[in-house]
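Let's take a look at the aromatic rings in this structure and how they sit next to one another. Here it is.

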Amino acid sequence: MKMKQFVAEGIGTFLLIFIGCGCMVYLNEPLAVAISFGLVYFILFYSLGNISGCHFNPIISISYLINKKISVAEFFCYIFGQLTGGFLGGLLIKIIIPVNTDFNTYSTVLCCNGDVIAAIFVEVILAYLFTMTFIGANSKSRNKNIRGLIICGGVTIVALFSYILNYSLVNPVKALVSSVFSNDYKHLFVFLIAPFIGGVIGTINFNWFHKKDDEVNE
């Protein structure tokens with residue numbers, strides 16, 4: 001089962017990076033980028049959701065680890081799959097990108113004229129929102145038939161605001177991949193750490209709100 005989870009997370013993250021970041025490079029249009037990420041999540045949720053839960057983002061995986069929905073071994077399997085898929089997606093963009101295109105157009109940047117504190121707050125808040133949305137969509141049986149739609153909406157909103165402000169998409173894998181392929185590591189730590197802080201806070205907050213009233217499903 002761990003191999004299936006690894007492959008599913010790898011494929012999903014590959015498609016997110018290739019399609020979403022491909023839109024960032026070629027179109028540089030916030031709404032198009034946000035919609036592309038949301039629709040990829042929507043499609044993959046109904047094709048791979050029963051395999052891995054469609055995390056495609058380490059902050060969701062650590063949330064599931066906190067809630068004991070995946071084991072430590074599975075957590076590292078998820079992260080490895082996400083990193084593998086993410087770097088393959090970035091590599092493919094690098095291979096097919098036109099020579100005269102600025103590859104740095106999807107490099108993660110600081111918002112608010114380079115204000116580190118502001119960027120951290122943005123990442124924490126959006127990661128918090130994304131985590132709460134993801135867990136909430138999967139927490140109630142009445143959401144069963146519309147879980148993909150709820151997550152799609154959450155991904156689209158978060159991607160839109162994140163892209164406008166930081167180009168980060170609140171995904172440490174995306175931040176790492178874009179930094180490697182654009183050779184820009186300045187302030188990378190913000191986009192590797194802050195989303196996890198927001199994800200952990202969102203998970204703890206969701207559990208506090210619901211306590212034992214609901215069982216968070218995978």
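## Y46 and its partner

Let's start with Y46: its relative accessibility is 45%, so it counts as partly exposed, since that value falls between the 20% and 50% cut-offs. Keep in mind that this is a predicted model.

Which residue shares a ring pair with Y46? That's F42: the two ring centres are 5.4 Å apart. The planes meet at 75 degrees, and anything over 60 counts as edge-to-face, so that's the label for this pair. F42 is partly exposed too, with a relative accessible area of 29%.

Both residues belong to helix α2, which covers residues 30-52. F42 and Y46 are four residues apart there, so about one helical turn separates them.

## A stacked pair in helix α1

Now over to helix α1, residues 2-26, where you'll find F14 and F18. They're four residues apart, about one turn of the helix.

Are the rings of F14 and F18 stacked or edge-to-face? They're stacked: the angle between the planes is 0 degrees, and the distance is 5.9 Å centre to centre. As for accessibility, F14 comes in at 22% and counts as partly exposed. F18, at 25%, is also partly exposed.

## Beyond the two pairs

How many aromatic pairs does the count come to? Eleven, with F14 and F18 forming one of them.

Some rings join up into a group, too. Ring pairs link Y41, F56, Y64, F130 and F134 into a cluster.

Technical notes. Residues are numbered from 1 along each chain as its sequence is written. This is a predicted model: local features need pLDDT of at least 70, side-chain atom pairs count only at pLDDT 80 or more; totals for chains, interfaces and linings use all residues. Side-chain values use heavy atoms; hydrogens and water are left out. Rings of Phe, Tyr and Trp (its six-membered ring) pair if their centres lie within 6.5 Å; planes under 30 degrees apart count as stacked, over 60 as edge-to-face and the rest as tilted. Helices (H or I, at least four residues) and strands (E, at least two) are DSSP runs, numbered from the N terminus. Buried means under 20% relative accessible area, exposed over 50%, partly exposed in between (1.4 Å probe, protein chains only).
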